[in-house]
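Open the model in your viewer and colour it by chain. The stops below go from one interface to another.

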Amino acid sequence: MAEKTYLEAINLAIKEEMRRDDGVMVFGEDVGGEKGGVFGVTKELAAEFGDERVFNSPLGESEIAGLATGLGIMGHHAIAEFQFADYILPAVNQILSETAKMRYRTAGDYTAPIVMRAPYGGGVRGGFYHSQSTEKIFAGQPGLRIVTPSSVYDAKGLLKAAIRSEDPVLFYEHKKLYRAIKDDIPDEDYTVALDKAKIVKEGTDITVFSYGMMLQFVLKASEKLENQGISVEVVDLVSLYPLDQETIVQAARKTGKVLLVTEDTKEGSIMNNVSSVIAENALFDLDAPIKILAGPESPSMPYAKNLEDAFLVNQDDVLDAMVELAEF
Amino acid sequence: MSEIVIKMPPLGESVTEATIASWMVEPGTNVKKYDPLLEAMSDKVTTEIPAVDDGIVSRLLVEEGEVVDIGTDIMILDTISDQTDGILLSETKVEKAVPQNSNSLRYSPAVMRIAGEKGIDLNSVAGTGKGGRITRKDLLNYQPDMAAPVKKTVVTETVSKPAPVAPTASTTKSAPVQKGEGTPVSSLRKVIAKNMLKSVTEIPQAWTMIEVDVTNLVNARNKVKDDFKKQNGYSLSYFPYFVKAVSQALINHPKMNSSWQNDTVITNKEINTSIAVATEDALFVPVIKNTNNLSVSGIASEINRLATDVRDKKLKNEDMIGGTFTVNNTGSFGSIESKGIINAPQAAILQVESIRKEVKVMPDNSIAIRNMVNLCLTIDHRLLDGLVAGRFLNEVKANLENIDETTNIY
């Protein structure tokens, strides 16, 4: 066991997979050389694996996705980094039309077994173009997986599973968590299932679903509520698309009171899909309307500190929503 | 004047916690806006936190050395004006008005289903939810005899089949398992635990021990101890003699006074001796600076000052840093042999065990009763080997054996 941050766990996962498989390579904007990425996620990789396996790409995201897909067709488990999840938008056509459909349209002759990493989320004073949650853009495209780790353990194990997967995986990393959470994780090789939601904490009064930074708020609030006699079941979605419907429905049925927490704006968010799954399958176990706590319907997260705070769901919001649901 | 709460301000992107390295003010200090209040240390930087307004320090809420989350209340300031910067201050929370709807007659799908399955008359159930709403839990926990007395309970077959007093599955509680009592760990203890773990996991530690005849040292100290106490007000123990002998030996063995840091061996120019001082619930390792320039009496005075500060909880940050070698007085607990854990990033730690009388064969084959002591040394085997450690220990031994009644302690 060794204590690592979320960021160090991701770095370690890439390192170990590159040692294990010569076909794994890493590229993207500023990921190579001594810089090792704008957040330092790919630090030390170029030094160990050379500039041919770890290299900088031009500032063209469509090209990054296209190159990754091509490398995938050639059998490489390539890792492409989008510097921010906001910058993935120019690559949408490649990802939805080419990457996701490769296996289907070639009747299984070719696949794109690649990982596209993208740091998402707000709360770091990133302003409009460095704070967005763009995962919802891709949710709903069969052929594609979208996953996000919300613990240090998962950061390493989930990325390893993504790299080894024969499917294309969009790997969303919450940039606020990079250095905010640290934990002891095993030294041995391990993976985390790409398609399973996780019951992070068992409880009997209300069930709260979340992921990313919001999950940290949920866990803190549930500890507080435990002392007040309110027992909270906490579920980490892990897989944002496709959803682990079985686990989601089961956890919702358990308490009949469901709260969904996301920092994304409400309509069209991942949580709307979760809500729909629960409404469709668990109606007669529901004891309260499904509640979604989300950001405001506003174009993007502002830069000014007070406005960013106003935009983001915070610790108190989460606690209040949980208490309200428990009392309902 | 009004009281405002100063919080630990954000120290940069993705920094979530910081250590209070040192307070630069105390209760009663008059501060001007932008005066430094404290030094905060994150894993990235050490930085001074300025006052947000003029005022008088009312209370410090966090002690030096504690690690706090960003946004934690750390100090209360009595302000003179009411003009303050927003972000560092606590905000008063405005209570949301909650409309009180009566929910007592609205049933959720779950409640309708369970009532149907169990044949429960919802009029007989007292709701515990908001506005008197009947919740799913109310029905799962429902037993016929809990019904409101004014209404007649409709007992159908489905509920009467099981023994009437048998609780339903969801209310069954097994007897609690007897467990040991848990005590939350203090933040100081956490720091100690972290350092200990870091030391044993990162450093390959080797261990050796020698025995020294300190009969002459014992006699020398006994001769001067009463006068010393009279002059200085505190006792002269054996420990300063050992610290002195060690620091003398370190001059000739700079490798023992070095440090392994990121594949580089740093040889320290100063000889600063860390000494372990235990309190009831924690372990401190304050530092005697430039020990090699001090006499036995000078070392005794420093030890007395540091130990007193630890006991009075007044130990200053500057007295905690810069140690290059640790000498640990395990003998004071009666120990005769112990294995120290290196105080990283130092290269070694020496344990001075208790002095005991033993029957010894002397060089001329006579038998004598002598005062013996064990010195136990733990070394960082990455940079030190048995040879250097052995030579060092033998020099410490020689230094100790050279002390006699003619040795001047001043």
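**Between the chains**

Select K220(A) and D69(B): their side chains form a salt bridge, with N to O at 3.6 Å. The model is a predicted one. Across the interface of chain B and chain A there are six salt bridges by the rule, and 15 residue pairs are in polar contact, both at pLDDT 80 or more.

Next, show α1 (109-118) and α2 (136-140) of chain B, which each supply at least two residues of the side of chain B that touches chain A. The most comes from α1(B), with four residues. By class, this side of chain B has five nonpolar, six polar and twelve charged residues.

Now select the whole contact: 26 residues from chain A and 23 residues from chain B. The two chains bury about 1,800 Å² between them, with 45% of it on carbon and sulfur atoms.

**Within chain A**

Hide chain B and colour chain A by its assigned domains, domain 1 (2-185) and domain 2 (198-327). Their centres, taken over C-alpha atoms, are 26 Å apart. Domain 1 of chain A brings 31 residues to the contact and domain 2 of chain A brings 28 residues.

The area buried between these domains is about 2,400 Å², and carbon and sulfur atoms give 55% of it. Select R125(A), K136(A) and S150(A): they supply 27% of the area that domain 1 of chain A buries against domain 2 of chain A, more than any other three residues.

Finish at D154(A) and K198(A), joined by a salt bridge whose closest N and O atoms are 2.5 Å apart. The count between the two domains is two salt bridges.

Methods. Residues numbered from 1 in each chain as written. Chains lettered and ligands numbered in written order. Predicted model: local features only at pLDDT ≥ 70, side-chain atom pairs only at ≥ 80, totals over all residues. Heavy atoms only, no water. Contact = heavy atoms within 4.5 Å. Buried area = accessible area lost by both parts, 1.4 Å probe. Salt bridge = Lys/Arg side-chain N within 4 Å of Asp/Glu carboxyl O. Polar contact = N/O pair within 3.5 Å; in protein donor to acceptor, adjacent residues only side chain to side chain. Nonpolar A, V, L, I, M, F, W, Y, C, P; charged D, E, K, R; others polar. Domains from an automatic or database assignment.
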